[in-house]
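Look over the sequence and the model first. The briefing below then goes through it topic by topic.

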Amino acid sequence: MPDLSTIATFAVASFALLIIPGPAVIYIVNRSVADGRTVGLAAVAGLEIGNSMHVIAASVGLSAVLAGSAIAFNAVKWLGVAYLVLVGLNTLRT
């Protein structure tokens with residue numbers, strides 16, 4: 001069993017992580033303030049769908065494959081880079 005100082009340190013660190021908003025929360029607040037409640041809720045739905053896809057991929061073992069294969073990891077990484085570049089270019093174009 002951990003001693004009291006370890007539990008206290010863990011509690012303080014957990015509290016700090018809970019009160020600091022992450023990038024998802026900042027994105028949702030930004031979309032909601034800029035474009036209204038409907039767009040904010042759509043941002044929440046999109047983030048949750050993305051999280052669900054990540055959970056499904058981890059459940060079927062894709063995370064283990066990517067962790068074990070440098071080639072697969074680099075392929076997924078560069079596909080993500082290409083996607084983000086395309087999204088950025090489309091955003092700049094519009």
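Does Asp35 count as buried, exposed or partly exposed, and why? Asp35 counts as partly exposed, because its relative accessibility is 40%, and partly exposed covers the range between under 20% (buried) and over 50% (exposed). The model is predicted, and the points below describe the chain that holds this residue.

**Overall form**

- The chain has 5 helices and 0 strands, and in sequence order the pattern reads α-α-α-α-α.
- The radius of gyration of the chain is 19 Å, while a compact globule of 94 residues would have one near 12 Å.
- Along the principal axes, the C-alpha atoms fill a box of roughly 55 × 40 × 20 Å.
- Of the 94 residues, 4% count as buried.
- About 7,800 Å² of the chain is exposed, and carbon and sulfur atoms supply 76% of that area.

**Helix H1**

- Helix H1 covers residues 4-19, which makes 16 residues.
- From its first C-alpha to its last, H1 reaches 23 Å, close to the 22 Å expected at 1.5 Å a residue.
- H1 lies largely in the open, because the number of buried residues among its 16 is 0.

**Helix H2 and the salt bridge**

- Helix H2 has 13 residues and reaches 18 Å between its first and last C-alpha, close to the 18 Å expected at 1.5 Å a residue.
- The structure holds 1 salt bridge, in which the side chains of Asp35 and Arg31 meet at 2.0 Å, N to O.
- Both Asp35 and Arg31 lie in H2 (residues 23-35), 4 residues apart, or about one turn of the helix.
- An α-helix has 3.6 residues a turn, so residues three or four places apart point the same way.
- Arg31 also counts as partly exposed, because its relative accessibility is 24%.
- Gly36, just after H2, takes a positive phi of about 105 degrees.

**The nonpolar patch**

- Ile49, Met53, Ile56, Val60, Leu62 and Val65 form a nonpolar patch on the surface.
- Together these residues have about 590 Å² of accessible area.
- Helix H3 (37-59) and helix H4 (62-68) each supply at least two residues of the patch.
- H3 gives the most, with 3 residues.
- Met53, one of the patch residues, lies in helix H3.

Note on methods:
Residues numbered from 1 in each chain as written. Predicted model: local features only at pLDDT ≥ 70, side-chain atom pairs only at ≥ 80, totals over all residues. Heavy atoms only, no water. Expected span 1.5 Å × (residues − 1). Buried < 20%, exposed > 50% of the residue type's maximum accessible area, 1.4 Å probe, protein only. Patch = residues over 30% accessible without salt bridge, like charges linked within 9 Å, V, L, I, M, F, W, Y side chains within 5 Å. Areas by Shrake-Rupley, 256 points an atom, 1.4 Å probe, with all protein chains shown as cover. Salt bridge = Lys/Arg side-chain N within 4 Å of Asp/Glu carboxyl O. Rg over C-alpha atoms; globule rule 2.2 N^0.38 Å.
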